[in-house]
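Hi, thanks for sending this one over. Below are my notes, point by point, in roughly the order I would look at things on screen.

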Amino acid sequence: MIQRVINRWMLAGVLVLSSLPVLAQREGFGTSSAVSDSELRAVFEPVIQSVRASVVQLESDGQKLALGTIVDEAGYLVSKASELGQHEGFTAYLADGRRFEATLVGVDRQNDMALLKIEAQRLTAVKLVDDEPAMGRWIACVGQEKSPVAVGIVSAKARQIKPPQLVLGLILGEHPKGLQVIVVDKNFGAAEAGIQIGDVLTQVEDKRVIAVDQLISKLQGRMVGDVVQVQVLRGEELQKKAVRLSELMPDPESRSEKMNRMGGSISDRRSGFERVIQHDAELHPDHCGGPMVNLKGQVVGLNIARAGRVETYALPSGLILRKIEAIKAGKQSPSAPAEGAMPVKQDTPEGDAPRQ
């Protein structure tokens with residue numbers, strides 16, 4: 001759509017940035033020549049200049065993990081928690097070439113947002129503006145480069161993204177004493193906890209379960225990586241097991257999933273957000289954690305997930321501000337979420353037995 005509304009004539013200097021929201025509504029303007037992605041991003045360079053200094057590159061052991069956004073001159077910055085994975089130490093590379101060790105302060109697990117801190121002087125912090133852009137408005141995703149890492153248009157109303165389906169990694173069947181284990185998927189938490197085929201699941205978090213619906217109910221409100229305590233009967237012996245919850249991922253061979261990945265990699269964690277702004281900028285997952293700006297150069301969100309081929313999510317600035325205060329007040333976990341970089345494989349269930 002962008003190629004249909006912005007042409008080379010505009011890029012030659014006739015276009016003024018303030019007119020972009022209007023031009024986004026028009027089709028077939030001017031010549032038939034298609035504008036390149038680099039030319040389009042160049043148009044936005046003046047818009048992002050004041051924000052670039054607030055973007056950091058987060059690395060660990062020489063591996064680039066995600067972008068971060070400085071939100072406080074005292075050294076606080078926000079990023080995408082699951083992209084940080086299980087790494088214990090982080091290095092923040094500033095746009096001016098300086099580097100500092102970054103300490104994880106806390107994580108808002110529902111929104112996959114991490115708050116970190118660096119001990120540095122002369123920092124430039126962004127001003128988070130609580131003004132959610134409407135559908136059809138242009139946005140730019142900011143990195144440390146002169147041009148935006150991506151540009152796009154808001155493609156849906158701000159909304160909640162439903163949480164993922166959480167599973168133990170079992171196929172279960174009926175049993176007089178609970179739920180009998182028919183299949184154990186080696187890629188999920190139940191196998192890691194030592195649950196075996198033939199075991200009978202009798203309790204979850206000290207509550208008896210005799211039906212799959214009861215088990216599903218006990219998992220409601222939990223997050224990927226949470227650990228639940230279960231009791232299994234093996235022969236005549238009762239055993240306690242601690243099982244880590246995993247997300248039931250879409251089949252990578254399905255048509256919809258193949259279509260989603262045609263534009264490149266997508267984020268492992270891309271669901272369960274409290275509220276997001278959706279746009280169509282093609283953002284690489286390790287560019288998440290960076291700021292999203294409107295045409296005034298105001299930071300209106302934090303890119304948090306590449307969810308599909310033309311579907312990227314950003315947390316609104318108003319939500320970010322609230323979560324930062326909650327983390328500082330000690331209302332969020334000071335440790336990284338366990339879901340970071342958890343490999344999960346989708347297998348086809350055997351028979352008609354329910355899967356959990």
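**Notes on the predicted model**

1. In this predicted model, a closed barrel is built from 6 strands in the order E1-E2-E3-E6-E5-E4, and the pairing is antiparallel. From one strand to the next, the twist averages 40 degrees.

2. For a closer look at that barrel, try the pair formed by strand E5 (residues 99–108) and strand E6 (residues 113–118). The two run antiparallel and are joined over 6 bridges. Within this pairing, leucine 104 stands opposite leucine 116 in E6.

3. There is also a barrel of 6 strands in the order E7-E8-E17-E20-E19-E18, again with antiparallel pairing. Its neighbouring strands are turned by 45 degrees against each other on average, with direction ignored. Here strand E17 (residues 276–279) and strand E20 (residues 311–316) run antiparallel and are joined by 3 bridges. One residue to find in E17 is histidine 279, whose bridge partner in E20 is threonine 312.

4. Which helix lies across strands E3, E5 and E6? That is helix H10 (residues 317–328), which runs at about 60 degrees to E6. H10 also packs on the sheet of the E7-E8-E17-E20-E19-E18 barrel, where it touches E19 and E20 and makes an angle of about 55 degrees with the direction of E20. Do colour H10 when you display the model, as it has contacts with E5 and E6 as well as with E19 and E20.

5. Leucine 321 is a handy marker in helix H10. With a relative accessibility of 38%, leucine 321 counts as partly exposed. Its C-alpha atom is separated by 9.1 Å from that of valine 71, although the two residues are 250 residues apart along the chain.

6. Another helix to check is H5 (residues 45–52), which lies across E7, strand E18 (291–293) and E19. H5 runs at about 145 degrees to E18.

7. On to the packing. The largest nonpolar core has 36 residues, and those with the most contacts inside it are Phe44, Met113, Phe273, Val293, Tyr313, Leu315 and Ile324. Strand E19 (residues 299–308) supplies the largest share of this core, with 5 residues. Apart from it lies another core of 21 residues, including Leu179, Ala190, Val224 and Val243.

8. Tyrosine 313 deserves a view of its own. Leaving aside residues up to four places away in sequence, tyrosine 313 touches a list of residues that includes Arg159, Ile161, Arg270, Phe273, Val276, Ile277 and Gln278. Also among its contacts are Leu302, Asn303, Ile304, Ala305 and Ala307.

9. How many disulfides does the structure hold? The count is 0. Cysteine 141 is in no disulfide, and its nearest cysteine sulfur is that of cysteine 288, 8.8 Å away. Seen from the other side, the sulfur of cysteine 288 has cysteine 141 as its closest cysteine, and at 8.8 Å this is too far for a bond. A disulfide here would need the two sulfur atoms within 2.5 Å. Cysteine 141 is buried, at 0% relative accessibility, and cysteine 288 is likewise buried, with a relative accessible area of 0%.

10. Two backbone angles are worth a check. Most residues other than glycine have a negative phi. Arginine 122, however, has a positive phi near 55 degrees. Arginine 122 sits in the loop between E6 and strand E7 (138–141), and it counts as exposed because its relative accessibility is 66%.

11. The second case is glutamate 205, which is not a glycine yet has a positive phi of about 50 degrees. Its place is in the loop between strand E12 (200–204) and strand E13 (207–208). Is glutamate 205 buried, exposed or partly exposed? Its relative accessible area is 25%, so glutamate 205 is partly exposed.

12. Finally, some totals for your records. The protein chain has 10 helices and 20 strands, and buried residues make up 50% of its 356 residues. Of the contacts with a separation of 6 or more, 65% involve residues 24 or more positions apart. The accessible surface of the chain comes to about 16800 Å², and carbon and sulfur atoms account for 47% of that.

Technical notes:
Residues are numbered from 1 along each chain as its sequence is written. This is a predicted model: local features need pLDDT of at least 70, side-chain atom pairs count only at pLDDT 80 or more; totals for chains, interfaces and linings use all residues. Side-chain values use heavy atoms; hydrogens and water are left out. Two strands pair if DSSP finds at least two bridges between them. Helices (H or I, at least four residues) and strands (E, at least two) are DSSP runs, numbered from the N terminus. Axes are lines fitted to C-alpha atoms, for helices over the stretch in contact, and angles run from 0 to 180 degrees between N-to-C directions. Contact means heavy atoms within 4.5 Å. Buried means under 20% relative accessible area, exposed over 50%, partly exposed in between (1.4 Å probe, protein chains only). Accessible areas come from the Shrake-Rupley method with a 1.4 Å probe; for residues, only the protein chains shown count as cover. A nonpolar core is a set of buried Ala, Val, Leu, Ile, Met, Phe, Trp, Tyr and Cys residues joined through side-chain atoms within 4.5 Å.
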